[in-house]
Amino acid sequence: MGTFQTSLLSTIMNKQSEKWTELALGYVSDVIDIMHTFNLKVLREAMDQVRMVLDVERMNLMMLDNKFQETLEPTQKTNHREQYEIIKGKRKAPMSNTQRTISYLHDILAAYYAAASKRFVDNICM
């Protein structure tokens with residue numbers, strides 16, 4: 001075998017690998033495009049799912065979660081006890097029916113909100 005100049009090998013390798021940059025960047029660009037398309041599709045589907053969860057949560061106020069009752073009962077007991085508390089030797093003035101109804105509705109909404117918001121966050125985060 002004959003001898004050859006050592007720089008020849010380096011020159012040949014450089015010539016042979018000229019398009020590697022273009023190929024590598026093209027490949028990475030394709031991966032980015034595929035991932036972008038995939039992410040966009042997944043995020044759109046997630047938005048549709050969130051809209052569906054919101055529609056279901058807002059159209060039906062039925063509560064099967066025990067947390068609702070567990071939150072409501074102590075609040076109502078506390079409010080009932082406070083009605084008959086004696087402050088500075090005097091009993092509180094009794095609530096009117098309207099005030100009692102407002103207080104009751106507030107307690108129900110607060111208990112419902114506690115249970116529904118937990119369920120909502122669980123549904124959205126899963």
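The paragraphs below look at one helix and at the salt bridges of this predicted model.

Helix 4 covers residues 97-125, and its 29 residues, taken at 1.5 Å each, should span 42 Å; the C-alpha atoms at its two ends lie 41 Å apart, which agrees with that expectation. Along this helix the buried residues are S103, D107, A111, Y112, A115 and A116.

Helix 4 also contributes to the charged pairs of the model. Side chains of opposite charge can pair when their charged atoms come close, and the structure holds three salt bridges. One of these joins D122 to K118, with the closest N and O atoms 3.1 Å apart; because the two residues are four apart in helix 4, about one helical turn separates them. Neither partner reaches the level above 50% that would count as exposed: D122 has a relative accessibility of 32% and is therefore partly exposed, and K118, with a relative accessible area of 42%, is partly exposed as well.

A salt bridge within a helix is also found in helix 2 (residues 20-59), where R51 and D48 both lie, three residues apart, or about one turn of the helix. Their closest N and O atoms are 3.6 Å apart, and R51 is partly exposed, its relative accessible area being 48%.

The remaining salt bridge to consider links K15 with E18, for which the closest N and O atoms are 3.6 Å apart. Here K15 counts as exposed because its relative accessibility is 56%, and E18, with a relative accessible area of 52%, is likewise exposed.

Conventions: Residues numbered from 1 in each chain as written. Predicted model: local features only at pLDDT ≥ 70, side-chain atom pairs only at ≥ 80, totals over all residues. Heavy atoms only, no water. Expected span 1.5 Å × (residues − 1). Buried < 20%, exposed > 50% of the residue type's maximum accessible area, 1.4 Å probe, protein only. Salt bridge = Lys/Arg side-chain N within 4 Å of Asp/Glu carboxyl O.
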